[in-house]
Amino acid sequence: MGYKELRHDPRYTKPLPSDESFLREELDLDRPGMEGVRERLDASDIAGARDAYLALIASGTTRRYYFEASDVSELAAFARNGYADDPEAALAIEEAELLLKSDFPLFKGRRITFPEGRYDWNSWLFDSSQYQLHLTRFGYLKHLSRAYALTGNEAYARCFNDMMKDFILDNPMPVDGTFRVEHCTWDPLSVGVRLFVLPEPFMTVLGSPSFEPEVKMMMIKSFHQHGAYTRAFHASHGNHVCMQLRGLITLSLLLPELKDSREWLAYGLKELPGYIRQNVYDDGVQFEASPNYHQIVMRDLYELVALLQTLGLPAHEYEGTLEKMFDVLLHLMTPEGQLPRFGDTDILSPHDLRTVMSLGAYMFQRPDYKYRGYPELPFSLLWRLGPDAPERYRRLEARPPQATAARFPIGGYLLSREDWSDDALYMAARAGVGVAGHAHADTLSFIALAGDRELIVDSGIGLFEWNKERKYVISTRAHNTVVVDGGDQHVRSAHWNTPQTAPCRIWDFRSNERYDYWFASHYGYTRYDDPVIHSRKLLFVKNRYWLIVDLLEAREDHLYEQYFHLPPGEAIVDFGRGRVRTNREDGGNVLLAYPELDPAELALESGLYFRQGQYHPKPVVKRTLKARGRAVMATVLLPYGSKLPSLELSRLGIVSEGAELDPLDATGLRIAGDGWTDDICLDHRGLRVADYLDHTGNPVTEGLLPQRTVREVEYGGWRGVDDVLVHSLT
């Protein structure tokens, strides 16, 4: 038994108060502007008091939202004149028409249709509780209200009216926190989300004759209950609390006449900055090791900052952090405008992300943000910035960012791209600690793309059900990294209550015209009786290939399994030559090549690939190596189009201080392709990565970190003093 079954039992839930009790008990009748409400209450004219309060909200005399109900006619006229042919405006009308037929968009591309006018807010939909949660968070209602503004079609306002009435009556507020840990219409996160999702349609259709006064008042009373519930049961950690407090602040500004609004606003403004600092590292990365949740916490900030600025309230406490988060998002975005699918990140709408960058460009007057946004202000931002914003945005020149590589050392993102074109080569890697359940065991994993074509992929988010598929996609073997002795880098105690991911350190990151390079280590396997440290060096020789060198440090025997996940489709293996390649006839392929590989070490397996709500099979390249003590594995990834290119690999001896180095101490390779040859030397002697931990197993302080040393080496006829040397013969 849960909320679904008990929601109409008066022992567990309570209906809305009467208009009279609400107006008398919950509103501040001494507040300026409330005189008409008080007079009608004194005359026992309850309907008149209600209407006086609704008229006050509609008048616009108190600024309470991004736009006032009195501004809607101007906004609507501007939208019709300036965005009549805009695809986003057309989508709003298209989705509104479907909503009239009770056809709802959920997420992951799925929809649900109810018998007309008979909504079922509490059903288990499809194969995950996430679908029901999205149904009752009402993100789609913006289409209904924006379509109303664009067309004036009262059917859209009537649909909103009927939907809200049905939802509120069918889902009364719990009397206490009995259901707060249950996925239901009153889980505290959904309650907080509704507090910032529903005000836009409420304000947009407030002046419609189809929006009944009784239902308007029902929504106001329900908003108050939502605020009380959020204040009592909001989270104390992670992205949830940011959404909930943002919702509480939004409600307090929307309905300042509530007696509770003053305390709620003060509380939200006092507490939220601390939770933002908890969520966002100093380098601007949100701490859950998921680009999706990075942009979710960003959304709470950029929408809240825009609201505070509109209302003339100080927002400086958030602006510096927000700009850093925009910098992270700028570099995370792939050439096609997606986010790398690390942690709990799925395919997102490139349009939505470009719109976010457009907002950042407007807020911070950043030409590089506009380069990743749109030339003209997106239609959806009109409802946040007003009719004066499009011209100001138009005047801002778009320019590509200067840097093509970026390191965020605390949050642990390493980004590298050929250039800022839509068909560029792109690599993103994880090299930091993730906190809480949205992080996967993916330290030192990476993805690679050529434009919009995935070359090396992440397994994806999966559905949030604690089953074998979900357990697979969060595991280390589901990522492009190394598994030691069959165990994950960190062990989850439960689905969401889990320790942070493996400790990690980025030792080197450099970018120049010839190559990008990074070197990092993680310490998740030091929990073993015989500690193992996995380090990875990744070299992107522009614009040819990636060289990955994995270093494993231990004393005893261990089993190392190195995984590379290929996109769904055919993969062809040449075991004798140590080659694996994808086989897309229309291009966007990658060739994996291993120098001096024992064919018995190589295997091709099948793994899961989650995308847009569905699991698909994909080929997985696994190299298995049994070794005692130290081990080194090198791999070359060569992107290509439709025609298989030439690629030859040969070892180069490396001499230092008159003696040839052991291959465990340095990797020397000659890599030759069609018309080019590179000689590569990576010297592994310059840093003792084990010194990152002291004798107790804790990371040492910054001042005690091991220092990098370099020595002169000779290889392939070249000489240099550096631990990364790249020379081209042609």
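The questions and answers below concern a predicted model.

Me: Is helix H10 largely enclosed or exposed?
Reply: Helix H10 spans residues 188-197, and 10 of its 10 residues are buried. Among them are Pro188, Gly192, Arg194 and Phe196. Because the buried count covers 10 of 10, the helix is, with respect to the rest of the structure, largely enclosed.

Me: Which helices are included in what covers the buried residues of H10?
Reply: The buried residues of H10 include Leu189, Val193 and Leu195. Their cover includes helices H7 (129-135), H9 (154-170), H11 (199-204), H12 (213-233), H13 (238-254) and H15 (291-310).

Me: Is Tyr83 buried or exposed?
Reply: Tyr83 sits in the loop between helix H5 (72-82) and helix H6 (87-100). Beyond its neighbours within four places in sequence, its contacts include Leu377, Pro378, Phe379 and Pro390. Its relative accessibility is 7%, and the limit for burial is under 20%, so Tyr83 counts as buried.

Me: How many Å separate the C-alpha atoms of Tyr83 and Leu329?
Reply: Along the chain, Tyr83 and Leu329 are 246 residues apart. In space, the separation of their C-alpha atoms is 27 Å.

Me: Which parts does the pair of Glu214 and Arg50 tie together?
Reply: Glu214 and Arg50 form a salt bridge, with the closest N and O atoms 3.8 Å apart. The two residues are 164 residues apart in sequence, so the pair ties together helix H12, which holds Glu214, and helix H4 (residues 46-59), which holds Arg50.

Me: What is the separation of the closest N and O atoms in the salt bridge of Arg50 with Asp51?
Reply: Arg50 counts as buried at 10% relative accessibility. Asp51, at 35%, is partly exposed. In their salt bridge, the closest N and O atoms are separated by 2.9 Å.

Me: With which residue does Arg394 form a salt bridge?
Reply: Arg394 is in helix H20 (residues 389-395) and is partly exposed at 41% relative accessibility. The partner lies 18 residues away, in the loop between helix H18 (367-371) and helix H19 (382-385). With the closest N and O atoms 2.9 Å apart, the partner is Glu376.

Me: Which residues form a negative surface patch?
Reply: One member, Glu336, lies in the loop between helix H16 (316-332) and helix H17 (350-364). Glu336 counts as partly exposed at 35% relative accessibility. The patch is formed by Glu336, Asp422, Asp423 and Asp452.

Me: How many salt bridges does the structure hold?
Reply: The salt bridges include Arg50 with Asp51 and Arg394 with Glu376. For the structure, the total is 55.

Technical notes: Residues are numbered from 1 along each chain as its sequence is written. This is a predicted model: local features need pLDDT of at least 70, side-chain atom pairs count only at pLDDT 80 or more; totals for chains, interfaces and linings use all residues. Side-chain values use heavy atoms; hydrogens and water are left out. Buried means under 20% relative accessible area, exposed over 50%, partly exposed in between (1.4 Å probe, protein chains only). Helices (H or I, at least four residues) and strands (E, at least two) are DSSP runs, numbered from the N terminus. Contact means heavy atoms within 4.5 Å. Patches are made of residues with over 30% relative accessible area and no salt bridge: like charges are joined within 9 Å, nonpolar side chains (Val, Leu, Ile, Met, Phe, Trp, Tyr) within 5 Å. Accessible areas come from the Shrake-Rupley method with a 1.4 Å probe; for residues, only the protein chains shown count as cover. A salt bridge is a side-chain nitrogen of Lys or Arg within 4 Å of a carboxyl oxygen of Asp or Glu. Lys and Arg count as positive and Asp and Glu as negative; His and the chain ends are not counted. The place of a charge is taken as NZ of Lys, CZ of Arg, CG of Asp or CD of Glu.
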